[in-house]
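The following exercises concern one molecular structure. Attempt each task before reading its solution.

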Amino acid sequence: MAERSIPLIDHRQAAARPAVPRDAPAPDGLMTDRRGRLLRDLRISVTDRCNFRCSYCMPKEVFDKDHRFLPHAELLSFEEITRLARVFTLHGVRKLRLTGGEPLLRKNLEILIGQLSQLRTPDGEPLDLTLTTNASLLARKAQALKDAGLQRITVSLDALDDAVFRRMNDVDFPVAEVLEGIEAAAKVGLAPIKVNMVVKRGTNDQEIVPMARFFRDNFGGAVVLRFIEYMDVGITNGWRMDEVLPSAQVVARIHEHFALRALEASAPGETAERWGYEDGRGEVGVISSVTQAFCGDCNRARLSTEGKLYLCLFGHRGHDLRTLIRDPAGYTDLQIAAAIGQVWQGRDDRYSELRGSAAGELAAAAKVEMSYIGG
Ligand code: SAM
Ligand code: SF4
Ligand code: SF4
């Protein structure tokens with residue numbers, strides 16, 4: 001078989017430092033981008049490293065021993081992350097999600113969680129603080145995360161069948177340990193727990209119904225299972241449309257076994273479409289990033305491990321906030337907020353809506369890797 005050669009674009013260099021505007025109005029939480037979208041959700045990548053090599057995210061042939069991960073000095077410190085998160089709250093951010101890479105690999109993460117859990121919105125409300133993990137270290141860390149102030153958690157699990165899962169994570173990691181992690185999270189009250197399954201047609205779609213059955217029958221309804229359409233994030237995963245199983249088919253397959261009915265969305269900008277079991281035994285969600293773009297109310301920004309702001313999961317150019325906060329000029333929070341505000345106001349991203357069009361093709365050529373900015 002011919003060797004697969006996949007170019008990896010190094011986005012870590014390609015970022016401009018945002019300008020600090022002079023007379024920006026004070027942030028009021030109502031700032032919108034060029035498509036009228038508010039800023040409400042910040043996803044923070046705390047590491048670009050991972051102990052899994054899921055083929056759809058960090059394929060082994062690209063993220064191998066020669067891949068240069070960010071050196072520690074390049075990462076934002078916990079104080080810098082917390083400061084930026086606080087500045088984002090001034091613009092209306094209400095929800096923080098820690099991600100990566102694998103966030104639980106970041107040393108002393110509990111300290112960061114402790115700091116973030118102290119943040120308040122301008123109205124004095126605590127933020128919604130959560131984390132997405134592959135759960136490989138969760139059984140060990142659940143209690144410390146809860147004690148530090150984490151409220152809930154999302155676990156990624158692509159199959160219950162051990163052989164399928166080991167193949168997909170590509171490091172031979174067993175399902176049983178992920179389930180132990182989920183159990184530990186449930187026990188310490190990190191709830192509600194969401195479990196995300198990326199569906200790849202021909203790879204794990206036979207696992208849809210067993211996964212639905214398992215999470216209906218276990219954990220006393222504490223787990224909400226969500227099916228994610230396999231996305232063309234980055235350029236290394238060799239994405240093909242014929243490997244995407246549309247969410248409508250996921251719902252239809254489950255409905256054949258357990259009757260479902262559509263539920264109301266839980267919040268504006270929520271990515272998952274919710275389906276409840278007719279017999280009242282919980283719900284499932286589907287995230288249709290490919291077949292039903294939801295850019296229209298996308299209120300999410302992403303902060304990379306070394307402090308670059310991305311306005312879209314499929315972005316190709318970050319805005320270098322680290323340089324801004326480390327500038328010898330010593331900018332105040334309000335000045336940083338003004339700079340971020342100007343960036344957000346210029347946002348026009350809607351990659352999922354453009355996918356397949358000429359403009360989408362152009363954007364697709366240089367997308368950032370998901371393991372770098374997080375999901
Ligand atoms: N390592 C953590 C984990 O796997 O949960 C957090 C980071 S991971 C990049 C965040 C989420 O992105 C995971 O739920 C993962 O399944 C999802 N993801 C990664 N690549 C994807 C792709 N090509 N399509 C859809 N989802 C993807
Ligand atoms: Fe690692 Fe998560 Fe990417 Fe899998 S999806 S390779 S666990 S970062
Ligand atoms: Fe938001 Fe970009 Fe995804 Fe559209 S493609 S929903 S703008 S992250």
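A residue is called buried when its relative accessible area is under 20%, exposed when that area is over 50%, and partly exposed in between, computed with a 1.4 Å probe and the protein chains only. The model is predicted, and therefore local features need pLDDT of at least 70 and side-chain atom pairs count only at pLDDT 80 or more, whereas totals for chains, interfaces and linings use all residues. Residues are numbered from 1 along each chain as its sequence is written, chains are lettered from A and ligands numbered from 1 in the order in which they are written, and side-chain values use heavy atoms, with hydrogens and water left out.

**Exercise 1. Classify Val-244 and relate Val-244 to Val-199.**

Solution.

Step 1. Locate the residue: Val-244 is in the loop between β7 and α7 (247–255). Helices (H or I, at least four residues) and strands (E, at least two) are DSSP runs, numbered from the N terminus.

Step 2. Apply the cut-off: Val-244 counts as buried because its relative accessible area is 1%.

Step 3. Compare sequence and space: 45 residues separate Val-244 from Val-199 in sequence, and their C-alpha atoms are 7.2 Å apart.

**Exercise 2. Is Lys-65 buried or exposed, and how far apart in space are Lys-65 and Ile-111?**

Solution.

Step 1. Lys-65 belongs to the loop between β2 and α1.

Step 2. Because its relative accessibility is 78%, Lys-65 is classed as exposed.

Step 3. Lys-65 and Ile-111 are 46 residues apart in sequence, and the distance from C-alpha to C-alpha is 30 Å.

**Exercise 3. Describe the surroundings of Asp-48.**

Solution.

Step 1. Asp-48 is placed in the loop between β2 (41–45) and α1 (78–90).

Step 2. With a relative accessible area of 6%, Asp-48 is buried.

Step 3. Look for a polar contact (a pair of N or O atoms within 3.5 Å; within protein, one must be able to donate a hydrogen and the other to accept it, and residues adjacent in sequence count only if both atoms are side-chain atoms). The side chain of Asp-48 makes such a contact with the backbone nitrogen of Leu-70, at 3.0 Å.

**Exercise 4. Find backbone features that depart from the general pattern.**

Solution.

Step 1. Recall the pattern: most residues other than glycine have a negative phi, and most peptide bonds are trans.

Step 2. Inspect the peptide bonds: the one joining Ala-191 and Pro-192 is cis, with omega about 0°. Pro-192 lies in the loop between α5 (175–188) and β6.

Step 3. Inspect phi: Asp-170 has a positive value near 60°, and Asp-172 has a positive value of about 65°. Asp-170 sits in the loop between α4 (162–169) and α5, and Asp-172 is likewise in the loop between α4 and α5.

Step 4. Classify Asp-170: its relative accessibility is 27%, so Asp-170 is partly exposed.

**Exercise 5. Which residues are closest to ligand 1, and what polar contacts does ligand 1 have?**

Solution.

Step 1. A residue is near a molecule or strand if one of its heavy atoms lies within 4 Å of it. Ligand 1 is surrounded by 20 residues, and the closest are Tyr-56, Gly-101, Ser-156, Met-231 and Met-370.

Step 2. Sort the shell by class (Ala, Val, Leu, Ile, Met, Phe, Trp, Tyr, Cys and Pro count as nonpolar, Asp, Glu, Lys and Arg as charged, and the others, Gly among them, as polar). The shell of ligand 1 holds 8 nonpolar, 10 polar and 2 charged residues.

Step 3. Identify the strands: β4 (128–133), β6 (193–199) and β7 (223–229) each contribute at least two residues to the shell around ligand 1.

Step 4. List the contacts. A polar side-chain atom of Ser-156 is 2.5 Å from an oxygen atom of ligand 1. A nitrogen atom of ligand 1 lies 2.9 Å from a backbone N or O atom of Met-231, and a nitrogen atom of ligand 1 lies 3.1 Å from a polar backbone atom of Tyr-56.

**Exercise 6. Characterise the shells of ligands 2 and 3.**

Solution.

Step 1. The residues around ligand 2 are Cys-50, Phe-52, Cys-54, Tyr-56, Cys-57, Met-58, Gly-101 and Asn-134. This shell has 6 nonpolar, 2 polar and no charged residues.

Step 2. The residues around ligand 3 include Cys-295, Cys-298, Arg-300 and Cys-312. This shell has 7 nonpolar, 1 polar and 4 charged residues.

Step 3. β11 (300–303) and α10 (351–354) each supply at least two residues of the shell around ligand 3.
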